[in-house]
Structures are given as structure tokens and as C-alpha cells.
Amino acid sequence: MIDFDEIAKTVKDNYHQNITDESGISKLQIAVIDAAVDTSIAVLREYEKQRTINS
């Protein structure tokens, strides 16, 4: 089974580590990126669920 929570955590951790104050990224932009990651993971989770049901 795919661990979507671990994927989301890894993606967020990786880009959070690469953000510096000099990059000009605001807290709002970080929140938007986090939301996009969460939404993508939710879509993947639903796809996996449907794929399992239809198998």
C-alpha cells in the first residue's frame, strides 16, 4: 500500500528545507504550496481507492 502521508511529509519537508528568507517566499505562499500538496495527495489517495475497488 502506498503511504500517501509519508509522501506529503517528504515533499513538504524537502521544499521547506530549501526555502530561505532570501528567496522571497511568504508564509501565504508556503501555505498555498502546502495546500496544493495536500490536494494532490487527496486526489492520488482517491484514485488509489477507486483503482483498488475496481480491481
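In the predicted model, a nonpolar surface patch of about 210 Å² is formed by Ile2, Ile7 and Val11. Two of its members can be placed on a helix: Val11 lies in helix α1, which covers residues 4-18, and Ile7 is likewise found in helix α1. Val11 has a relative accessible area of 36% and is partly exposed. For Ile7, the relative accessible area is 36%, and this residue too is partly exposed. An α-helix has 3.6 residues a turn, so residues three or four places apart point the same way. Once neighbours within four places in sequence are set aside, Ile7 is in contact with Ile2 and Ile41. Ile2 is itself part of the patch, whereas Ile41 is listed among the buried residues of α2. A further relation between distant parts of the sequence is given by Ile7 and Ser40, which are 33 residues apart in sequence and have C-alpha atoms 11 Å apart in space.

Helix α2 comprises residues 27-53. At 1.5 Å a residue, its 27 residues should span 39 Å, and the C-alpha atoms at its ends are 39 Å apart, in agreement with that expectation. The buried residues of α2 are Asp34, Val37, Ile41 and Glu48, and these pack against α1. Glu48, a residue of helix α2, has a relative accessible area of 11%; because this value is under 20%, Glu48 is classed as buried. Not counting residues up to four places away in sequence, Glu48 touches Ile2 and Phe4. Ile2 is thus a contact of Glu48 as well as of Ile7.

The interior was examined next. The largest nonpolar core has 5 residues, namely Phe4, Ala8, Tyr15, Val37 and Ile41. Each of α1 and α2 supplies at least two residues of this core, and the largest share, 3 residues, comes from α1. Among the core members, Tyr15 touches Ile30, Ile33, Asp34 and Val37, when residues up to four places away in sequence are not counted. Of these contacts, Val37 belongs to the core, and Asp34 is one of the buried residues of α2.

Side chains of opposite charge can pair when their charged atoms come close. A search of the whole structure finds 5 salt bridges, including one between Arg45 and Asp5, whose closest N and O atoms are 2.8 Å apart. Arg45 lies in helix α2 and Asp5 in helix α1, so this pair ties together parts that are 40 residues apart in sequence. Arg45 is partly exposed, at a relative accessible area of 37%, whereas Asp5 counts as exposed, with 55% relative accessibility.

Salt bridges are also found within individual helices. In helix α1, the side chains of Lys9 and Asp13 meet at an N to O distance of 2.7 Å. These two residues are 4 residues apart, and therefore separated by about one helical turn. Lys9 counts as partly exposed at 46% relative accessibility, as does Asp13 with a relative accessible area of 31%. In helix α2, Lys49 forms a salt bridge with Glu46, the closest N and O atoms being 3.4 Å apart. Here the residues are 3 residues apart, a separation of about one helical turn. Lys49 is partly exposed, with a relative accessible area of 46%, and Glu46 is partly exposed at 35%.

Note on methods
Residues are numbered from 1 along each chain as its sequence is written. This is a predicted model: local features need pLDDT of at least 70, side-chain atom pairs count only at pLDDT 80 or more; totals for chains, interfaces and linings use all residues. Side-chain values use heavy atoms; hydrogens and water are left out. Patches are made of residues with over 30% relative accessible area and no salt bridge: like charges are joined within 9 Å, nonpolar side chains (Val, Leu, Ile, Met, Phe, Trp, Tyr) within 5 Å. Accessible areas come from the Shrake-Rupley method with a 1.4 Å probe; for residues, only the protein chains shown count as cover. A salt bridge is a side-chain nitrogen of Lys or Arg within 4 Å of a carboxyl oxygen of Asp or Glu. Buried means under 20% relative accessible area, exposed over 50%, partly exposed in between (1.4 Å probe, protein chains only). The expected span of a helix is 1.5 Å times one less than its number of residues. Contact means heavy atoms within 4.5 Å. A nonpolar core is a set of buried Ala, Val, Leu, Ile, Met, Phe, Trp, Tyr and Cys residues joined through side-chain atoms within 4.5 Å.
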